[in-house]
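Work through the exercises below with the sequence and the model side by side. Each task is followed by a solution in steps.

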Amino acid sequence: MFAPLEDIQIKSIYGGDLPKRMAHCTPDMLNAVRLAAADVKAAAGELILSDMYRSYDMQLQAHLDYVTGKKSAYSPPPGGSMHEAGRAFDLDLSALKMKLSDFWKIATRHGLQPIIDTPSAGANEAWHFDCRGSHGRVYDYYAAGKGDNFAKPYTAMAASAIVSTGVKVDALGDDPVPGLIQSGLIRLGQTIGDLDGRMGPKTRAAIQALQLDPNASNADIAAAIEKRLQSAFPDDYFVSAVHALAIGAAPPAFSILAAERRPYRPGAANAAVLGKIINMLPDADVIDQAFDLQPAFLGILPDKSLYLDSELQLDTDGWPEGRGKGDKYWQPTTSLKYADNTTSLNANKVPYLVLPLPTSWANDRGIHLGDYAAVIYRGKVTYAVFGDEGPENLIGEGSIQLLRALGQERLKPNGRIENSGAGPGIITIVFPGSGQPAHRKSEDTLLAAIQSEGEKLFTAMVS
């Protein structure tokens, strides 16, 4: 039911390997440390740790040492540190043999995040790095003001990460299971109010929104949510190819196992409307590419359509009123223009989807700006146009109007945006070569074509 902790063997400041009581971490941290250590070694340095995992009692002692002045570095009380989830380490900065700013680049490349804002080696906690994994979504949730019972988004994230390993967090009660359920719901895109360890009406409603029985036992609900999380965030749960890691005094030794590919299955509500597309999935050409928010499935179907099962993050580009309305990445233009080659698509009026740059990513697969798509969420089918290009590390973005068409309104009554996505479990099927310049004479002609062409192409696929 709970997320696993792996053993890790790595050199420490104590004259040998990191003591066993500290040498535990999550699968994604294990992979990140392995890769970061290799990069540091290639630059003639060493990744040497002073701390990693802390039990409840170890965290309490570290906090008391800080309170009594035995140690100067701040340690929060139990329930507030990513160390307690095996998602943080402290390192020996001098052993890196490089500027801290250079190590930051290595860390970022492998999903490790510093706890301070600028790379100053003299700063307190300059040695501390986190591997947030899917719990970064809890940080974003609190940063967006959706919960307010923790003093800082970081503390909420730490509580989420800790309780997911089966360890109690005092603020969430003695039983970690309700907190695990709430943490999972937030990470799966649901809004439940506070992460507080209470199975209240908002939590029950979010469980039902995932088409789970809100009246089942907490253990059964937690198990079902954990399966969803494993599918959505496999790196949090499974060690990719590397089964054991040794970075001690001896040369690194790796035991390599082939990562098992788990069969993909769309959710029941979506599967009910996919028709014959279900039969195409086993023969799809899977696109094996890493993204910041990894899709559950990405591939090319036998008919050359692109099939994506992912979250759908918000894109407000092209919305004339978008400046300063809550999306700091807003831009006034979209990649696709109307026939005048000047006017962009209005994200608040046109349901468009975003595919990653470079342009060749889509073009090499026969897809071009202006092509149409079917988008499915919880069994509801709507249609969209490929209207914007985004960062190469992101896939699964859509306009305000696309989220609205899926029942996910993001424009508040005060005119500001709730800058959050939807999903996971949103299926996007892009029809290559389907767009026509003649359809883009105006917003009205494009909207009509999105509906008519999208519906025609999707109906032909499923029937």
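Helices (H or I, at least four residues) and strands (E, at least two) are DSSP runs, numbered from the N terminus. By that rule, Pro424 belongs to strand β17, residues 422-430. The model is a predicted one.

**Exercise 1. Describe the chain as a whole.**

Task: state how many helices and strands the chain has, and decide how compact the chain is.

Step 1. The secondary structure consists of 13 helices and 17 strands.

Step 2. The radius of gyration is 24 Å, close to the 23 Å that the globule rule gives for 463 residues, so the chain is as compact as a globular protein of that length.

Step 3. Along the principal axes, the C-alpha atoms fill a box of roughly 70 × 50 × 45 Å.

Step 4. Of the 463 residues, 51% count as buried. The accessible surface comes to about 20500 Å², and 52% of it belongs to carbon and sulfur atoms.

Step 5. Among contacts with a separation of 6 or more, 65% are between residues 24 or more positions apart.

Step 6. The chain carries 44 positive and 53 negative side chains, and the centres of these two sets lie 1 Å apart.

**Exercise 2. Find the nonpolar cores.**

Task: say which residues touch the most other members of the largest nonpolar core.

Step 1. The largest nonpolar core has 59 residues. Those that touch the most other members are Ile277, Leu306, Tyr307, Trp361, Val385, Ile429 and Phe458.

Step 2. Take Phe458 from that list. Setting aside residues up to four places away in sequence, Phe458 touches Val273, Ile277, Ala374, Ile376, Val381, Tyr383, Ile429 and Phe431.

Step 3. There is also a second, separate core of 38 residues, and Ala3, Met82, Tyr154 and Phe233 are among its members.

Step 4. A general tendency fits here: in soluble globular proteins, nonpolar side chains tend to be buried together.

**Exercise 3. Locate the cis peptide bonds at two prolines.**

Task: give the place of Pro358 and of Pro424, and the omega of the bond that leads into each.

Step 1. Most residues other than glycine have a negative phi, and most peptide bonds are trans.

Step 2. The bond from Leu357 to Pro358 is cis, with omega near 0°. Pro358 sits in the loop between β13 (352-356) and α11 (359-363).

Step 3. The bond joining Gly423 and Pro424 is also cis, and its omega is about 15°. Pro424 is placed within strand β17.

Step 4. Pro424 also appears among the contacts of Ser310, together with Pro295, Gly396, Gly425 and Ile426, when neighbours within four places in sequence are left aside. Ser310 is in strand β12 (residues 306-315), and its relative accessible area is 5%, under the 20% cut-off, so Ser310 is buried.

**Exercise 4. Compare two residues with positive phi.**

Task: are Ala44 and Lys304 buried or exposed?

Step 1. Ala44 is not a glycine, yet its phi is positive, about 75°. Ala44 lies in the loop between α1 (27-42) and β4 (49-51).

Step 2. Lys304 likewise has a positive phi, near 80°. Lys304 is in the loop between β11 (297-300) and β12.

Step 3. The cut-off for exposed is over 50%. Ala44 has a relative accessible area of 63%, so Ala44 is exposed. Lys304 has 55%, so Lys304 is exposed.

**Exercise 5. Examine three buried residues.**

Task: name the element or loop that holds Thr316, Leu188 and Gln59, and list what each one contacts.

Step 1. Thr316 is in the loop between β12 and β13 and counts as buried at 0% relative accessibility. Beyond four places in sequence, Thr316 touches Asp327, Trp330, Gln331, Ala347, Tyr352, Ile400 and Ile417.

Step 2. Leu188 is in the loop between α6 (176-187) and α7 (201-209) and is buried, at 3%. Its contacts outside four places in sequence include Arg137, Leu210, Phe233, Gly423 and Pro424.

Step 3. Gln59 lies in helix α2 (residues 56-67) and is buried, at 0%. Leaving aside neighbours within four places, Gln59 is in contact with Arg54, Ser75, Pro76, Pro77, Pro78, Ser81, His83 and Glu84.

Step 4. The C-alpha atoms of Gln59 and Ile400, 341 residues apart along the chain, are separated by 43 Å.

How values were computed
Residues are numbered from 1 along each chain as its sequence is written. Side-chain values use heavy atoms; hydrogens and water are left out. A nonpolar core is a set of buried Ala, Val, Leu, Ile, Met, Phe, Trp, Tyr and Cys residues joined through side-chain atoms within 4.5 Å. Buried means under 20% relative accessible area, exposed over 50%, partly exposed in between (1.4 Å probe, protein chains only). Contact means heavy atoms within 4.5 Å. The radius of gyration is taken over C-alpha atoms; the globule rule is 2.2 Å times the number of residues to the power 0.38. Accessible areas come from the Shrake-Rupley method with a 1.4 Å probe; for residues, only the protein chains shown count as cover. Lys and Arg count as positive and Asp and Glu as negative; His and the chain ends are not counted. The place of a charge is taken as NZ of Lys, CZ of Arg, CG of Asp or CD of Glu.
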